[in-house]
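Here is a short tour of one model, with a look at its inner space and at one helix pair. Take a moment with the sequence and the structure first.

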Amino acid sequence: MTTLEAARQGIVTELMCQAAAAEGIAAETLRARIAEGTAVICRNRRHSHGTPLAVGLGLRTKVNANIGTSRDDTSIDKELEKARVAVAAGADALMDLSTGGPVDEIRRAVIAETNACIGSVPLYQAALDTVIRQQKAIVDMTVDDIFAGVIKHLDDGVDFITCTAG
């Protein structure tokens, strides 16, 4: 059962309790907001040590730190250091915007390194896989390529994704 399904059935889950406690609100309040679609909890069960992060109506503002490699700087160690510094400075979430180097390894390392909520842009993955790995033009990227990027990121444990590049 998904969190949304549980919320709509009036069930308060342990995940809701954890996220509500971090927000300083009653778990029932969070459950009701999830049920009505005004709040969500970002947490992928594959990010087993990740902290559930509630986002939505009446919840505190979250701090997101962007990290990520480029074609010119592909150091995993630098990305892990950025992640550590961002979390130590109070970031609630990290957005991996890697576009160069071993992006799969980088994403997995960041997920393994921190309990912060991790986001990504699978469209970047799809573009890299199309151009670099498949040796095709970006205009030849298909919907299946995009969904493959989404699935890869979710399977790795990313807690939330955005499908826009901006």
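A cavity here is a set of points on a 1 Å grid where a 1.4 Å probe fits but cannot get out, and its volume is the space filled by probe spheres set on those points. Please keep in mind that this is a predicted model.

## The enclosed space

How many cavities of 30 Å³ or more are there? The count comes to one. The largest cavity holds about 60 Å³ of space.

## What lines the cavity

If you would like to select the lining, pick Asp96, Ser98, Val103, Arg107, Ser120, Val121, Tyr124, Gln125, Leu128 and His153. By class, these lining residues divide into four nonpolar, four polar and two charged.

Which helix gives the most to this lining? That is α6, with three residues. Both α5 (103-113) and α6 (122-133) supply at least two lining residues each.

## Where two helices cross

Now turn to helix α2 (residues 14-23) and helix α3 (residues 27-36), whose axes lie 8 Å apart and which pack at an angle of about 110 degrees. Angles of 65 to 115 degrees count as roughly perpendicular, so α2 and α3 are roughly perpendicular to each other. Their crossing is right-handed.

On the α2 side, the contact is made by Met16, Cys17, Ala19 and Ala20, which meet Ala27, Leu30, Arg31 and Ile34 in α3. Sorted by class, the contact of α2 with α3 has seven nonpolar residues, one charged residue and no polar ones.

Methods
Residues are numbered from 1 along each chain as its sequence is written. This is a predicted model: local features need pLDDT of at least 70, side-chain atom pairs count only at pLDDT 80 or more; totals for chains, interfaces and linings use all residues. Side-chain values use heavy atoms; hydrogens and water are left out. On a 1 Å grid over the protein atoms alone, a cavity is a set of points where a 1.4 Å probe fits but cannot get out, and a pocket is an open set with protein on both sides within 12 Å along at least five of seven lines; lining residues have an atom within 4 Å of a point. Helices (H or I, at least four residues) and strands (E, at least two) are DSSP runs, numbered from the N terminus. Ala, Val, Leu, Ile, Met, Phe, Trp, Tyr, Cys and Pro count as nonpolar, Asp, Glu, Lys and Arg as charged, and the others, Gly among them, as polar. Axes are lines fitted to C-alpha atoms, for helices over the stretch in contact, and angles run from 0 to 180 degrees between N-to-C directions. Angles under 35 degrees count as roughly parallel, over 145 as roughly antiparallel, 65 to 115 as roughly perpendicular and the rest as oblique. A crossing is left-handed if the near helix is turned anticlockwise from the far one by less than a right angle, and right-handed if clockwise. Contact means heavy atoms within 4.5 Å.
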